[in-house]
Amino acid sequence: MAREGSRKTQFKPGQSGNPKGRAPGSRTRKLAILDHLGEQSAEAILVATIDGAKCGDTSAARAILDRVWPARRGARVAFDLPEMAGAGELAAAIASVNRQVAAGVLSLEEGSLVIGLLDAQRKALETGELVARIAALEERIGLK
């Protein structure tokens, strides 16, 4: 049972519950102060961090290197792979990748990625073979 005089206020989608509140994208007072302090000290902090890294501070060195020289992703990898002209040759290609992972030429992650590529190639080859077989059957029964 609702009280007299009380009303349920429902805001429309996209309408703020406090229209006079802080503007979107604006910073809180605390963050604005921290930004100001950081701007004043940024050069001194950078110089101190670089000096620390030069003197053997591994945390400082890691912080700098992570920013200016991030970890490589998608590096090129050289490895041996037999020619795969048909889907039937997939087993030999996968065995080749497995041998190279076992020998340490490829990492487990790299081997998995290569096998995923081989599987995509297998699907493409099988599709091509099926299209050719269907066309031959259609021709044989006179559909084309």
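**Salt bridges, core and surface**

Me: Which side chains meet Lys-123 and Asp-119 style, N to O, and at what distance?

Reply: The side chains of Lys-123 and Asp-119 form a salt bridge, 3.7 Å from N to O. A salt bridge here is a side-chain nitrogen of Lys or Arg within 4 Å of a carboxyl oxygen of Asp or Glu. This is a predicted model: local features need pLDDT of at least 70, side-chain atom pairs count only at pLDDT 80 or more, and totals for chains, interfaces and linings use all residues. Residues are numbered from 1 along each chain as its sequence is written, and side-chain values use heavy atoms, with hydrogens and water left out.

Me: Where do Lys-123 and Asp-119 lie?

Reply: Both are in helix α4, 4 residues apart, about one turn of the helix. Helices are DSSP runs (H or I, at least four residues) and strands are too (E, at least two), numbered from the N terminus.

Me: Is Lys-123 buried, exposed or partly exposed, and what about Asp-119?

Reply: Lys-123 is partly exposed because its relative accessibility is 46%. Asp-119 is partly exposed as well, at 28%. The cut-offs: buried is under 20% relative accessible area, exposed is over 50%, partly exposed is in between (1.4 Å probe, protein chains only).

Me: How many salt bridges in the whole structure?

Reply: The search finds 4. One of them joins Arg-122 and Glu-126, at 2.7 Å from N to O. Arg-122 and Glu-126 both lie in helix α4, 4 residues apart. Salt bridges that share partners join Asp-119, Arg-122, Lys-123 and Glu-126 into one network.

Me: Buried or exposed, that Arg-122?

Reply: Arg-122 counts as buried because its relative accessibility is 19%. Glu-126 is partly exposed, at 31%.

Me: What does Arg-122 touch further along the sequence?

Reply: Met-84, Ala-87 and Leu-90, not counting residues up to four places away in sequence. Contact means heavy atoms within 4.5 Å.

Me: Which residue bridges to Asp-35?

Reply: Arg-27 does, with the closest N and O atoms 3.1 Å apart. Asp-35 is partly exposed at 32% relative accessibility. Arg-27 is partly exposed too, at 46%.

Me: Switching topic. What makes up the largest nonpolar core?

Reply: It has 7 residues: Met-84, Leu-90, Ala-93, Val-97, Leu-106, Val-114 and Leu-118. Helices α3 (90–102) and α4 (108–141) each supply at least two of them. Helix α3 gives the most, with 3 residues. A nonpolar core is a set of buried Ala, Val, Leu, Ile, Met, Phe, Trp, Tyr and Cys residues joined through side-chain atoms within 4.5 Å.

Me: What is Val-114 in contact with?

Reply: Phe-79 and Val-97, leaving aside neighbours within four places in sequence.

Me: And on the surface, which residues make a nonpolar patch?

Reply: Leu-31, Ile-33, Leu-34 and Leu-37 make one of about 340 Å². Patches take residues with over 30% relative accessible area and no salt bridge; nonpolar side chains (Val, Leu, Ile, Met, Phe, Trp, Tyr) are joined within 5 Å, like charges within 9 Å. Areas come from the Shrake-Rupley method with a 1.4 Å probe; for residues, only the protein chains shown count as cover.

Me: Where is Leu-37?

Reply: In helix α1 (residues 29–54). Leu-37 is partly exposed, with a relative accessible area of 44%.

Me: Last one. Where is Val-68?

Reply: Val-68 is in helix α2 (residues 58–68). Val-68 counts as exposed because its relative accessibility is 62%. The C-alpha atoms of Val-68 and Leu-143 are separated by 64 Å, and the two residues are 75 apart along the chain.
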